[in-house]
Amino acid sequence: MSTTTIDPTTRRVPPFGGMNLTVLRIELLRMLRNRRTVIFTLVFPAALFFAFGSGSDWDQTVGHGNVAAYVMTSMALYGAALTAASGGAMVAMERALGWSRQLRLTPLSPTAYILMKALLALVLGAVAISVVNLAGVVQGKPSMPLHVWVACAVLTLVCTLVFAALGVFVGYLVPGENAMQVLGPGLALFSFLGNVFIPITEGSTMWHVASLTPMFGVAEVSRAPLTGDLPWYAVLNAVVWFAIFVAGAAWRMSKDTARV
Amino acid sequence: MTTEQLALAGDTTQGSAAISLRGVTKDFGSVRAVRGIDLDIRPGEIVAFLGPNGAGKTSTIDIVLGLSQPTQGRVEVLGHAPRQAIARGLVSAVMQTGGLLKDLTVRETVEYTASLFADTQPVDDVLAHAGITGIADRKVGKCSGGEQQRLRFAMALLSDPALLLLDEPTTGMDVEGRRAFWSAIRRDAQKGRTVLFATHYLEEADQYADRIVLISRGRIVADGTGSEIKALAAGRTIRATLDRPDADVLARLDGVESVEVRGDTVLLHAKDTDAVARYLLTETGARDLEITARGIEDAFLTLTGADEPQEDAR
């Protein structure tokens with residue numbers, strides 16, 4: 001340590017509320033080091049794509065592409081949703097561990113912290129989406145114009161924020177490491193219900209129930225460039241669920257301020 | 001604390017107190033945990049915040065750290081609002097438990113924390129200073145309790161803070177560790193670092209602090225040096241029955257600190273109770289004389305009122 005006397009008048013405040021690349025690097029490394037995260041969010045969705053994307057009808061036309069492209073986009077959404085949700089659940093776990101309190105004793109501002117976590121969710125979501133898309137390229141069956149491909153990937157990325165909020169919310173309701181135990185099967189169930197894994201006949205009772213579940217809207221939105229079809233109820237579904245999850249997360253967070 | 005050091009430390013901060021609390025209160029719902037605290041701590045002082053659990057120590061420390069807002073009153077830390085002092089790396093705290101991510105390595109934890117400050121000590125220096133260079137690449141979750149505590153100190157000292165707050169700092173340390181810890185704290189205090197530590201052990205407060213602030217039920221009940229606080233606790237009490245006791249005469253006796261008269265019964269608090277007893281038995285008609293020791297813990301309980309029911313203290 002320095003041997004000079006401490007002079008409080010010379011101290012500076014860090015820029016960007018304390019946000020910096022070192023923190024982002026360590027946080028990213030941290031997520032990628034977690035074997036369970038990697039398997040469930042990166043390997044599993046790609047494996048699902050190989051399983052579902054090779055059905056006998058893979059080359060049938062869907063909008064501007066084929067069925068394989070449709071399945072690939074869906075699986076990318078599923079993978080990205082899982083990464084974002086697990087990232088969100090980590091926020092709650094960090095609070096339980098007292099890490100957020102520790103961070104409050106540094107110059108890092110709470111806004112910078114939330115922004116950093118959202119950025120991280122997006123980066124990891126992008127990784128998950130890229131992995132599934134790469135699997136599609138390697139497999140060779142998905143077919144759609146490049147701009148549709150890119151548009152689907154970008155929309156999927158935006159949609160993952162819904163699940164980052166869900167992750168924070170669930171992380172508070174089910175504290176600690178158990179959050180992923182709930183989120184994993186939960187998101188799988190929502191994916192089945194939300195027309196992500198298996199197509200549900202439009203207009204059936206099942207479909208009407210499905211259209212109210214949280215994966216349904218974002219799935220339609222993220223596939224819209226491919227299908228060329230964006231129903232209003234899908235957009236409404238996505239917006240309403242996002243609002244519900246954000247409100248839920250904010251509600252639990254505000255309940256938690258007593259000992260930060 | 002010598003006056004010489006005080007003057008030196010005072011110069012570097014241009015006169016602003018390390019901590020200044022004015023009429024601070026804190027309510028949790030209908031419960032008033034802090035009931036009006038006025039406190040000034042000068043730069044370079046090592047101050048013990050002594051009190052039983054639930055006295056309001058942690059609530060007050062949270063306010064100084066800007067983790068919670070006072071219900072009423074004014075708080076200044078080194079001339080800044082608490083959050084501003086934190087943003088400048090002027091204030092650090094070491095908590096007793098938690099506050100660490102198990103899946104990061106020791107070095108990553110220090111790097112992570114260091115990157116959040118505008119100015120910090122080099123990471124390697126801090127690791128070496130805390131004696132954790134050897135375990136730098138170990139996952140925090142695999143470190144022992146003592147190693148994790150050293151890591152917490154390394155993190156707290158990264159920004160070379162002017163004010164360090166410690167919550168029960170030596171819990172779980174052995175005698176040797178405790179001594180090494182406090183000599184390091186003393187060394188840092190000489191360059192003007194102020195240390196405020198919360199404890200509920202009078203002995204530790206007396207041994208290591210320049211000044212003890214005794215807090216009970218959200219109020220400061222005593223504030224002074226270790227010997228001043230101990231003097232409050234020293235001595236014994238004589239209880240005797242006297243006909244028409246004269247409190248003034250008794251109070252003038254050598255070594256008598258306080259006299260209480262309850263009808264025919266007198267309660268005398270004195271350092272040399274033998275002399276007082278001798279006087280009472282030979283020079284007065286005192287009878288039913290009883291001498292009881294008032295231990296340090298006893299005095300502490302009396303001062304802090306911990307033996308009374310605490311219906312509304314946190």
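**Exercise 1. Find out how much area chain B and chain A bury between them, and which three residues of chain B supply the most.**

Solution. Start with the total: in this predicted model, the two chains bury about 4,200 Å² between them. Next, look at the atoms involved: 58% of that area is on carbon and sulfur. Now zoom in on chain B's share. Tyr112(B), Leu116(B) and Lys191(B) supply 18% of the area that chain B buries against chain A, which is more than any other three residues give. To finish, count who touches whom: 47 residues of chain B are in contact with 38 residues of chain A.

**Exercise 2. Work out which salt bridges and polar contacts link chain B to chain A.**

Solution. A quick reminder helps here: side chains of opposite charge can pair when their charged atoms come close. Between chain B and chain A, the count is five salt bridges. Let's take two of them in turn.

- Asp119(B) pairs with Arg12(A), and their closest N and O atoms are 2.5 Å apart.
- Glu111(B) meets Arg25(A) through their side chains, at 3.0 Å from N to O. Glu111(B) sits in helix H4 of chain B and Arg25(A) in helix H1 (residues 21-33) of chain A, so this pair joins two chains.

Both distances fit the 4 Å cut-off for a salt bridge. For scale, the count over all chains comes to 26 salt bridges. Then add the polar contacts: 14 residue pairs between chain B and chain A, with both partners at pLDDT 80 or more.

**Exercise 3. Describe the side of chain B that touches chain A: which elements give two or more residues, and what classes of residue are there?**

Solution. Go along chain B and note the elements that give two or more residues: helices H2 (57-64) and H3 (82-87), strand E5 (91-94), then helices H4 (106-115), H5 (123-129) and H6 (145-157). Which one gives the most? That's H4(B), with six residues. Sorting this side of chain B by class gives 21 nonpolar, 14 polar and twelve charged residues.

**Exercise 4. Decide where the prediction is confident and where it isn't.**

Solution. Begin with chain B: its mean pLDDT is 84, and 88% of its residues reach 70 or more. Confidence there is highest in H4(B), at 95, and lowest in helix H1 (residues 3-12) of chain B, at a mean of 41. Residues 1-14 of chain B are below 50, and that stretch has 19 contacts beyond near neighbours in sequence. Residues 307-314 of chain B also stay under 50, with 15 contacts beyond four places in sequence.

Now do chain A: the mean is 85, and 96% of its residues reach 70 or more. Among its elements, strand E1 (residues 61-62) of chain A has the lowest mean, 83, and helix H9 (residues 214-227) of chain A has the highest, 92.

**Exercise 5. Split chain B into domains and say how far apart their centres lie.**

Solution. First, take the bounds from the domain assignment: domain 1 is 3-230 and domain 2 is 234-304. Then compare centres: the C-alpha centres of these two domains of chain B lie 41 Å apart.

Definitions and conventions: Residues numbered from 1 in each chain as written. Chains lettered and ligands numbered in written order. Heavy atoms only, no water. Contact = heavy atoms within 4.5 Å. Buried area = accessible area lost by both parts, 1.4 Å probe. Polar contact = N/O pair within 3.5 Å; in protein donor to acceptor, adjacent residues only side chain to side chain. Helix = DSSP H or I, 4+ residues; strand = E, 2+ residues; numbered from the N terminus. Nonpolar A, V, L, I, M, F, W, Y, C, P; charged D, E, K, R; others polar. pLDDT = per-residue confidence, 0-100. Domains from an automatic or database assignment.
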